[in-house]
Amino acid sequence: MTSPEHRRPGSGRRVRRDRHGRGLRGRLVPATVPLARTKAEVFDDLVLDTVETLERRFAKELAGVEFAVEDVPPDLNVYDSDVLEDGEVPLARLLPGRPGRQEVPPRIVLYRRPLEFRAMDREDLADLVHDVIIEQVANLLGVDPDELA
């Protein structure tokens with residue numbers, strides 16, 4: 001134990017020093033490494049990959065369509081036919097556009113958590129996201145999903 005007369009001048013508080021004088025620690029994993037990506041960011045990338053592929057092939061048809069991701073579906077008692085469900089759980093929703101003075105573009109919303117829950121791994125999730133987007137785009141365009149895939 002240090003006696004009061006052996007403390008450093010101006011003491012009364014403990015002097016803190018960074019580890020080995022190197023400064024404060026940073027992140028353990030750099031942001032550019034895949035381990036630093038959240039599940040939501042990985043999911044968004046999967047959606048973007050599928051959407052970009054579809055937009056290359058169907059640029060004219062998908063010109064005004066918006067794609068969105070929400071964590072969970074909203075609490076609704078009854079879902080319309082615009083919702084793609086697995087049992088009672090919504091996976092995605094197609095909100096058709098409304099032409100007119102306040103034009104609202106068509107929108108496809110994917111629900112991240114229900115889709116992640118149904119996937120075994122990342123590859124399975126990628127396939128599931130692709131299938132759900134294809135199904136919703138096919139409903140929007142009024143074509144068979146096999147024509148888009």
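Author: Accessible areas come from the Shrake-Rupley method with a 1.4 Å probe. In this predicted model, the chain exposes about 11500 Å², and carbon and sulfur atoms supply 49% of that area.

Reader: How many of the 149 residues are buried, as a percentage?

Author: Buried residues amount to 26% of the chain.

Reader: In what order do the helices and strands follow one another along the sequence?

Author: The chain has four helices and four strands, and their pattern reads α-β-β-β-β-α-α-α.

Reader: What is the order of the strands in the sheet?

Author: The sheet is open, its pairing is mixed, and its four strands are arranged as β1-β4-β3-β2. Because β1 (66-70) and β2 (83-86) each have a single partner strand, one side of each is left without a neighbour in the sheet. On average, neighbouring strands are turned by 15° against each other, direction ignored. Within the sheet, β3 and β4 run antiparallel and are joined by four bridges; leucine 94, for example, has isoleucine 108 in β4 as its bridge partner.

Reader: Which strands does α3 lie across?

Author: Helix α3 lies across β1, β2, β3 and β4, at about 40° to β3.

Reader: Why should one look for a nonpolar core, and which residues have the most contacts inside the largest one here?

Author: In soluble globular proteins, nonpolar side chains tend to be buried together. Here the largest nonpolar core has 23 residues, and Leu110, Val129 and Ile133 have the most contacts inside it. Two or more residues come from each of α1 (39-57), β3 (89-95), β4 (107-111) and α3 (122-141); α3 gives the most, with seven. Leucine 110 touches residues including Phe43, Leu91, Val129 and Ile133.

Key: Residues numbered from 1 in each chain as written. Predicted model: local features only at pLDDT ≥ 70, side-chain atom pairs only at ≥ 80, totals over all residues. Heavy atoms only, no water. Core = buried A, V, L, I, M, F, W, Y, C linked by side-chain atoms within 4.5 Å. Buried < 20%, exposed > 50% of the residue type's maximum accessible area, 1.4 Å probe, protein only. Contact = heavy atoms within 4.5 Å. Pairing = 2+ DSSP bridges. Axes fitted to C-alpha atoms, helices over the stretch in contact; angles between N-to-C directions. Lists of a residue's contacts leave out its neighbours within four places in sequence.
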